[in-house]
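This report looks at how a chain holds its ligand and then at the chain as a whole. Please keep the sequence and the structure in view while reading.

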Amino acid sequence: MHGRQQNLFEAHAEPEKSELLLLASVALELPLAEPYSYTVPDALLARVVPGVRVRVSVGTRTVSGFVTALEQRPAAGKLKPILEVLDEHPALTPATLQLGLWVAKHYAAHPGEALAALVPAAVRHRRHGREILMAKVLDAAAAKAWIVNAGSTAALAARVRMLRLLLEQGTPMPLQELASRTHSGTGPAQTLARLGLVSLQRTIVAQDPFALLNPKPTTPPQLNADQANVLQELLPALDTRKHSAFLLHGVTGSGKTEVYLRLLERVLQQGRDAILLVPEISLTPQTVERLLSRLPTVAVLHSHLSDGERTEQWERLRSGAARIAVGPRSAIFAPLPNLGLIILDEEHETSFKQQQAPRYHARDVALARGRIENCLVLCGSATPSLESEALVHNSEMTRLSLPRRVMGRPLPQVGLVDMRSERAVGPGGIFSRKLVVAIEETLRNKEQVLLFLNRRGFSTTVVCRMCAWKAMCKDCAIHLTHYKGAARLLCHYCGSESPAPTECPDCRQSTLRFSGFGTEKVAAAAEVLFPKARIVRRDGDALRSRGAPEKLFADLKSGNIDILIGTQVLAKGFDIPGITLVGVISADTALLVPDFRSAERTFQLLCQVAGRAGRGDQPGRVIVQTSMPEHFAITCAAQHDHATFIKRELAARAEHGYPPSGRLLRLVVQAIDPQVAAQAASALGESLRTLPAVVAEAVFVDGPAPCPLPILQGEHRHHLLVRAPTDTLLSELLPLIPRKAVRGARIIFDRDPVAML
Ligand code: ADP
Ligand code: ZN
Ligand code: ZN
């Protein structure tokens, strides 16, 4: 270089001016507040771009991280080079990188860890496909000869069946499938492999995630007047290609999904991409089935995917092979290059809030992404959250409504049963006379019943009548739930299990009392009361296995189930025309939770559950059992009166400064040692109270106090609540709060918390 040669001759004059270097800021996947700088070796110049993952060394370790920015700078001090580029294509798009950094800042998370949370682990670790063993016949003639000579002893029968099946099929077959189709274990196949007749090879398979679905092409229905009105607002807003936000308040069965479909079709016509967020996996099969029947290019990002499927779906979205991402909250980070639309269905659902760092809320992230990418955000619900209502009130969102069900179907009639005066029938004091009569009528009409209780298990408390011993989780300080069928006690928080005792472990007497009831006991009582009915119980756990929601949905639709009993997951969006009666076993469970949102949750739950009734030609009805029939959350839900509920609840929140009147930051201090936890919490409280905004009484601090669940997984927990009048003020405050507690304790930052336990 010319300049350098000159310098050689002027060696004794001015000290050499340092050259400009290309430096990369790398957000390491470590708990660090800021990115570190690294040099970019010439060989990697073309591949080091913002959003790509790289490997670098820190001290004596190598760590991966995301390149967040590139900069030409004079080198100051000794900088290490980037060692390796990990992605073939950047894991983050420019927009999702910006979004991830916003998430880190807004929710007080470490940038590298926040960015890592944007990319599925399977994609980050480049896991492609699931490895399985495939069985294949090595030599067909040899195999046939062996079968002829094998004779017919029982020991050989399984091997013969396997060989026959493989020969018949002619192509390799997964070992597990071979075993199950021949009604045997994998042993006979291993033997055949040892005999040299069959090969077993490790193969990576990327399965088709839609294998269990059966979408049929459907013709779109003629829009009704309400839907047309709503779309008259939404479509032009979509066409502007500017950011706007809408709240679609549509009662259950009002045709919201049809509105989503029309928007999705339009955005595809525009050559742009879209994200559809759905709250629960159990909702996805039906939604996906409907989407697939109408739209060609959908990728699903749900939690039942194997690593290979997830990587494949991600790649389809990134490359443009799929243009619509459907999934739970994390799908908001889908790597779509040209986003035009974000839809959150059932926007009030708490599952949109992530409960680990970064503790983001998908609604707020959606609005942030909408601003970054200039796109339309549509939040839909039959029971909008108070947060969204507040956004409408502040003109940050526009309200649209679908006030009626499609085809003139009525909303179900809701009857309240006061359990304080009503006599229960059947075992366990679970069913009121009125509910039993209604179930009998429904069964006689060959219609279906959904019974709902927000508590799993058989008995919810186990206590000794002699010595007062209680079955509690030793790590979580909460009652263990008794599962009678499995004869186990289970902690619903940490999942620890033990055999159910038959006598008191303390005083050794047979004086244990099993009281309270969950869905298992409801099902047992229903079997006694309705012996001829086909009764199925499904809890969240049972629906979490792969294929389970699809199977349940199919069984309901084909009429194989008379009475379905389950927890909250069943309230979420199954569209089953045959369900005409919904029974809420107890509306009190949700109302008694010590949380400022308990009334809102109860109202939403009742409306959603009621929404499952009468979605076909037959009108539906709902029976709600409660011991608080005069509570406004219950009376408003019974009358489908959303407006009154919102008015009363907003007033109650404003009185106490709870969201949406202001914003909350919940700080949870945790430690194994109870004294360390208490001390760290009070130290945090003291430093919070010296913050200028707190001194000036613009922001309020409550606590510290022990959490309602004071011990979880062996950690003692205290919390503090910071109540700020505005989001902006909370953002200003956040960086001033100490992130670290004393040794042995940690502080969890939960902005806009949805769980207060
Ligand atoms: P929501 O999402 O508001 O609960 P859906 O979109 O699931 O409601 O609609 C309920 C049912 O009504 C679905 O079976 C859907 O196919 C049907 N539907 C939607 N819009 C119309 C319409 N305009 N005419 C007739 N049927 C409709
Ligand atoms: Zn005892
Ligand atoms: Zn536990």
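In this predicted model, ligand 1 is surrounded by 18 residues, the closest of which are Gln222, Gln227, Gly253, Lys256 and Arg290. Sorted by class, this shell consists of five nonpolar, eight polar and five charged residues, and the element that gives the most to it is helix H10, residues 256-269, with three residues.

Several polar contacts to ligand 1 involve backbone atoms of the protein, and they are listed here.

| Backbone partner | Atom of ligand 1 | Distance |
|---|---|---|
| Gln222 | nitrogen | 2.8 Å |
| Ser254 | oxygen | 3.2 Å |
| Gly255 | oxygen | 3.0 Å |

Taken alone, ligand 1 would expose 560 Å², and the protein buries 79% of that area.

Turning to the whole chain, the model contains 25 helices and 32 strands. The chain has a radius of gyration of 30 Å, close to the 27 Å that the globule rule gives for 757 residues, so it is as compact as a globular protein of that length. Along the principal axes, its C-alpha atoms fill a box of roughly 105 × 90 × 70 Å.

Of the 757 residues in the chain, 52% are buried, while the area that the chain exposes comes to about 34500 Å², with carbon and sulfur atoms supplying 53% of it. Among the contacts in the chain with a separation of 6 or more, 74% are made by residues 24 or more positions apart.

Definitions and conventions. Residues numbered from 1 in each chain as written. Chains lettered and ligands numbered in written order. Predicted model: local features only at pLDDT ≥ 70, side-chain atom pairs only at ≥ 80, totals over all residues. Heavy atoms only, no water. Near = heavy atom within 4 Å. Polar contact = N/O pair within 3.5 Å; in protein donor to acceptor, adjacent residues only side chain to side chain. Areas by Shrake-Rupley, 256 points an atom, 1.4 Å probe, with all protein chains shown as cover. Helix = DSSP H or I, 4+ residues; strand = E, 2+ residues; numbered from the N terminus. Nonpolar A, V, L, I, M, F, W, Y, C, P; charged D, E, K, R; others polar. Rg over C-alpha atoms; globule rule 2.2 N^0.38 Å. Buried < 20%, exposed > 50% of the residue type's maximum accessible area, 1.4 Å probe, protein only. Contact = heavy atoms within 4.5 Å.
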